[in-house]
Amino acid sequence: IFASRAIEVLSARPQDSSQIIRALVQGWNASGAPGVEEYLIALKSDVSRQIALTGLAIEKVQRDGVEETFRWAEALSGDASGDFKQLAFRRVAGAVAGVDPIRAAAWAESQRGGQWGVGLARMVTQKWSEQDGQSAMEWLRGLPDPGSADVARAFEEGYRTWLNTDREAAR
């Protein structure tokens, strides 16, 4: 907690504080000390929360593995302010897709239609498209509701990422 207060005092630039908060959260998680989720929920800045939660999700996947990271996200309280659990689900989907897009896609599909499933297809597709845009697009086409707003946004974001990483293949 003292470190989190120091961040507020030492960093006047929001982009600096977000990166410092991300490092703090990753270190906190690595230490195993309790309270990191409560700290993130209490953050006043949504941008800092998102950046830190992205780092935390990546750290959890690397340290604890994919299945444990899924369990962690699913066990979070849905009562937290600022849609924390929804944000955590999205960040976990992206973090897992960065290392295992097939498992991330399967998890995202298992969450479709549930309270926390919105936006997961987009997060998976964006990361997957960095590696294999064609497979990401084929996965989206195979979803049971390819015309939904959620999947349409995933197509848009995923295709944009694919174009930026492999323009020739995306054509």
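**Helix packing and the second largest pocket**

Helices H6 and H7 pack at an angle of about 155 degrees, and their axes are 7 Å apart. Because angles over 145 degrees count as roughly antiparallel, H6 is roughly antiparallel to H7. In this predicted model, H6 contributes Phe89, Val92, Ala93, Val96 and Ala97 to the contact, whereas H7 contributes Pro101, Arg103, Ala104, Trp107 and Gln111. Sorted by class, the residues of this H6–H7 contact comprise 8 nonpolar, 1 polar and 1 charged.

Helix H7 (residues 101-111) also packs with helix H5 (residues 66-75); the axes of these two helices come within 11 Å and cross at roughly 25 degrees. Since an angle under 35 degrees counts as roughly parallel, H5 and H7 are described as roughly parallel to each other. Their crossing is right-handed. On the H5 side the contact is formed by Val66, Glu67, Phe70, Ala73 and Glu74, and on the H7 side by Arg103, Ala104, Trp107 and Gln111. The residues of the H5–H7 contact divide into 5 nonpolar, 1 polar and 3 charged. Arg103, Ala104, Trp107 and Gln111 of H7 thus appear in the contact with H5 and are also among the residues of H7 that meet H6.

Helix H6 has a further contact, with helix H4. The axes of H4 and H6 come within 8 Å, crossing at roughly 50 degrees, and the two helices are therefore oblique to each other. H4 passes H6 in a right-handed crossing. From H4, the residues Arg49, Gln50, Leu53, Thr54, Ala57, Ile58 and Val61 take part; they meet Phe84, Leu87, Ala88, Arg91, Val92, Ala95 and Val96 of H6. This contact consists of 10 nonpolar, 2 polar and 2 charged residues. Val92 and Val96 of H6 meet H4, and both residues also belong to the contact of H6 with H7.

The second largest pocket holds about 200 Å³ of space. Its lining is made up of 13 residues, of which Thr54, Ile58, Gly94, Ala95 and Lys127 are the closest to the centre of the pocket. Helix H4 (46-64), helix H6 (84-97) and helix H8 (120-141) each provide at least two of the lining residues. By class, the lining contains 5 nonpolar, 5 polar and 3 charged residues. Thr54, Ile58 and Ala95, named among the residues closest to the pocket centre, also take part in the contact between H4 and H6.

How values were computed
Residues are numbered from 1 along each chain as its sequence is written. This is a predicted model: local features need pLDDT of at least 70, side-chain atom pairs count only at pLDDT 80 or more; totals for chains, interfaces and linings use all residues. Side-chain values use heavy atoms; hydrogens and water are left out. On a 1 Å grid over the protein atoms alone, a cavity is a set of points where a 1.4 Å probe fits but cannot get out, and a pocket is an open set with protein on both sides within 12 Å along at least five of seven lines; lining residues have an atom within 4 Å of a point. Grid points are joined across faces, edges and corners, and a volume is the space filled by probe spheres set on the points. Helices (H or I, at least four residues) and strands (E, at least two) are DSSP runs, numbered from the N terminus. Ala, Val, Leu, Ile, Met, Phe, Trp, Tyr, Cys and Pro count as nonpolar, Asp, Glu, Lys and Arg as charged, and the others, Gly among them, as polar. Axes are lines fitted to C-alpha atoms, for helices over the stretch in contact, and angles run from 0 to 180 degrees between N-to-C directions. Angles under 35 degrees count as roughly parallel, over 145 as roughly antiparallel, 65 to 115 as roughly perpendicular and the rest as oblique. A crossing is left-handed if the near helix is turned anticlockwise from the far one by less than a right angle, and right-handed if clockwise. Contact means heavy atoms within 4.5 Å.
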